[in-house]
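This briefing is for a reader meeting the structure for the first time. It covers the strands, the nonpolar cores, the enclosed and open spaces, and one helix with its surroundings.

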Amino acid sequence: MERESFEDKETAQLLNDRFVAIKVDREERPDIDSIYMKVCQGLTGQGGWPLNVFLTPEQKPFYAGTYFPKESRYNIPGFKDAILQLYQQYKENPERITGIGDKITASLQERMKAEGGELGEEPLHKAFQQMQNTFDTIYGGFGQSPKFPSPHMLMYLLRYYRTYENDLALTMVTRTLDGMANGGIYDHVGFGFARYSVDQVWLVPHFEKMLYDNAMLIMTYTEAYQVTGNERYKKVASDVLEYVKRDMTGPEGGFYSAEDADSEGIEGKYYIWSEQEVLDLLGEELGNIYNRTFDITNKGNFEGKNIPNLIHTNMEKVAKEFNITPEELNQRLECARQKLFKAREKRIHPYKDDKILTSWNMLMIAAFAKAGKVFGVDAYIDAAKHSYAFVEENLVVNNRLMARYRDGEVKFKAYHDDYAYGLWALNELYEATDNPDFLLKAKKLADDMHHLFWDVASGGFFLYGHDADKLIARPKDVGDGALPSGNSVAALQLLRLSKMTGKTSYEEWVSRMFTAFSGDASSYASGHAYFLMSKLFTVSAPKEIVVIGDETDEAREKIKLYLQRSFLPELTVITTDDPATLNEVAPFAAVFEKSEETTVYVCENFSCSMPTTDVEQVIKQL
């Protein structure tokens with residue numbers, strides 16, 4: 001529509017003569033996007049982008065749709081005709097237009113009221129069944145095409161596997177992660193994942209790279225490494241982190257939002273190769289090895305050129321073919337990758353969206369902290385701390401978190417997602433550092449979030465705060481989109497924070513959220529995977545582990561490493577060398593005594609077993 005209508009002088013004239021045209025960046029104003037997307041879904045039965053909504057001056061919608069061709073065709077109204085006819089209706093029959101707007105607004109407000117009820121275990125199994133029904137058993141992922149990574153669904157399946165010992169859940173995760181890492185959706189030369197694949201096999205991506213996708217996938221590959229010990233998952237996560245540090249991190253530590261699919265006006269041009277180009281850059285011998293491994297042919301696999309991929313590659317066969325060991329093959333492929341990357345850097349880069357969004361930064365902070373903890377890489381944890389410091393210094397105005405930063409300009413009061421993802425970041429930072437300051441910050445953020453966004457009448461959090469612009473409704477989303485909703489993330493992170501701090505009011509808020517959103521989660525379980533992770537947490541016999549001992553003590557280091565490397569999502573862990581330092585953040589643990597040896601307390605609902613210094617026994621028990 002941008003090229004077809006908005007840049008067309010005649011169409012622009014028609015529009016500007018009759019309406020005030022407002023373009024909304026939905027990443028900066030998710031509140032506006034959420035409200036009017038619901039309007040479009042209610043009026044047309046479907047949503048999507050571009051989203052076009054016609055409003056009265058009171059913001060009340062009277063007509064909506066997604067794509068309009070410039071001229072009417074095949075029973076699809078054209079944009080020019082829509083402009084003329086809607087304007088005519090508005091001038092000739094304003095009362096009717098106002099009435100339609102009032103009716104749509106009232107219906108919207110009614111639909112936004114949450115249904116109450118008890119949230120049992122049934123939706124947990126329903127979500128698994130629905131995922132199984134759409135799972136691609138050959139290439140992994142869900143559905144046919146286009147195919148999205150859906151990392152929150154994979155994270156749910158890992159927890160479902162852990163709780164119910166369901167091997168199929170784990171198989172669905174590993175097959176999907178392998179399929180994506182083999183496919184063209186993954187950038188085998190410079191790392192990082194594209195938004196989605198246009199085909200079933202993960203070969204041809206929409207080449208745009210989003211910060212949030214990469215953050216969620218780093219965490220998913222990291223968790224899969226914890227579960228399986230598969231070194232490849234560790235490598236993928238580490239390589240994506242390298243990409244983010246190299247290409248998506250600003251000089252002050254904030255993370256940029258995205259990289260475009262196009263360069264020089266052609267989608268994917270930056271990423272694709274011809275067979276001869278690879279041979280010219282790498283030489284005959286290494287070029288043949290690379291081309292054979294990564295499906296680079298004269299015919300091409302994408303519009304006459306090639307997207308490097310490993311979809312049908314058997315590495316052992318390739319090594320035998322060239323009479324080298326698998327280890328030698330990997331070394332040569334890495335050498336080839338570095339040469340290709342250097343050559344690619346000389347190409348015209350896709351445009352970088354360098355705005356810094358608080359919510360997406362919080363996700364990437366959580367990803368760096370989690371990977372740093374699991375892989376034992378301090379540089380990742382330092383990057384997470386540096387970025388969080390950037391947010392504190394640049395995205396807090398008058399003690400109020402803000403949503404967007406670019407070139408020194410800060411705009412928009414932060415939304416609930418910013419706060420919920422912030423809790424996630426702080427919980428991961430605490431677990432990675434054992435620094436109680438991060439728990440203090442998490443408690444303050446949780447309390448501020450409750451004050452600004454909580455729905456006192458029904459429970460759950462509104463998308464925008466009571467101190468923000470007043471729109472025609474206050475949306476309260478819980479379902480997953482490309483990202484998990486703020487309510488779903490808040491529920492799980494509040495439960496974790498409650499267990500770490502002993503503050504039971506956080507659990508009470510989540511209990512009200514279970515009641516408020518039970519209808520939504522039960523009616524479409526797999527669309528609420530992240531929210532249901534909080535229910536999984538409550539049914540998996542969660543425990544609080546308190547480890548007290550000197551940092552230099554071998555036993556403390558042993559259990560700490562075990563807890564950090566293992567996938568134990570039902571545990572929350574407090575580690576300290578002095579319980580007195582926990583007085584303000586976790587008073588239930590501050591009363592424990594320190595002995596000469598590392599001591600471990602295993603607690604359930606803050607009722608703790610007798611302390612033990614037998615670390616081996618604790619590990620066996622867990």
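**Briefing on the predicted model**

Strand E14 (residues 543-548) pairs with E15 in the parallel sense, over six bridges. The model is predicted, not determined by experiment. The points below start from this pair of strands and then move to other parts of the chain.

**The four-stranded sheet**

- E14 and E15 belong to an open sheet of four strands, in the order E15-E14-E16-E17, with mixed pairing.
- The edges are taken by strand E15 (571-576) and strand E17 (607-608); each has a single partner strand, so one side of each is left without a neighbour in the sheet.
- Within the E14-E15 pair, Val547 has Thr575 of E15 as its bridge partner.
- Helix H19 (residues 486-501) lies across E14 and E15, and it runs at about 40° to E15.

**The three-stranded sheet**

- Another open sheet has three strands in the order E5-E6-E9, and its pairing is antiparallel.
- Strand E5 (209-210) and strand E9 (352-353) are the edge strands; each has a single partner strand, so one side of each is left without a neighbour in the sheet.
- E5 and strand E6 (residues 258-259) run antiparallel and are joined by two bridges.
- Lys209 has Glu259 in E6 as its bridge partner.

**Nonpolar cores**

- In soluble globular proteins, nonpolar side chains tend to be buried together.
- The largest nonpolar core here has 134 residues, and Tyr156, Tyr221 and Leu494 have the most contacts inside it.
- Helix H15 (residues 358-375) supplies the largest share of this core, with 12 residues.
- A second core, separate from the largest, has 18 residues, including Trp273, Phe294, Val318 and Leu340.
- Apart from neighbours within four places in sequence, Leu494 is in contact with Leu423, Ala446, Met449, Phe461, Tyr506, Trp509 and Val510.

**Cavities**

- Three cavities of 30 Å³ or more are found in a search of the whole structure.
- The largest cavity has a volume of about 500 Å³.
- Its lining is made up of 31 residues; nearest its centre are Glu431, Arg496, Leu568, Pro569 and Leu571.
- Elements that each supply at least two residues of this lining include helix H7 (151-164), helix H9 (211-228), helix H17 (416-433) and helix H22 (554-565).
- H15, H19 and E15, already named above, are also among the elements that each supply at least two residues to the lining of the largest cavity.

**The second largest pocket**

- The second largest pocket holds about 610 Å³ of space.
- It is lined by 20 residues, and the closest to its centre are Arg232, Lys235, Leu310, Met315 and Asn330.
- Two or more lining residues come from each of helix H8 (167-182), helix H10 (231-247) and helix H14 (326-345).
- H14 gives the most to this lining, with six residues.

**Helix H12 and its surroundings**

- In helix H12 (residues 284-293), the buried residues are Leu286, Gly287, Ile289, Tyr290, Asn291 and Thr293.
- These buried residues pack against helix H11 (275-282), helix H13 (315-321) and H14.
- H14 therefore has two roles in this briefing, because it packs against the buried residues of H12 and also lines the second largest pocket.
- Asp295 follows H12, and its phi is positive, near 60°.

How values were computed:
Residues are numbered from 1 along each chain as its sequence is written. This is a predicted model: local features need pLDDT of at least 70, side-chain atom pairs count only at pLDDT 80 or more; totals for chains, interfaces and linings use all residues. Side-chain values use heavy atoms; hydrogens and water are left out. A nonpolar core is a set of buried Ala, Val, Leu, Ile, Met, Phe, Trp, Tyr and Cys residues joined through side-chain atoms within 4.5 Å. Buried means under 20% relative accessible area, exposed over 50%, partly exposed in between (1.4 Å probe, protein chains only). Contact means heavy atoms within 4.5 Å. Two strands pair if DSSP finds at least two bridges between them. Axes are lines fitted to C-alpha atoms, for helices over the stretch in contact, and angles run from 0 to 180 degrees between N-to-C directions. On a 1 Å grid over the protein atoms alone, a cavity is a set of points where a 1.4 Å probe fits but cannot get out, and a pocket is an open set with protein on both sides within 12 Å along at least five of seven lines; lining residues have an atom within 4 Å of a point. Grid points are joined across faces, edges and corners, and a volume is the space filled by probe spheres set on the points.
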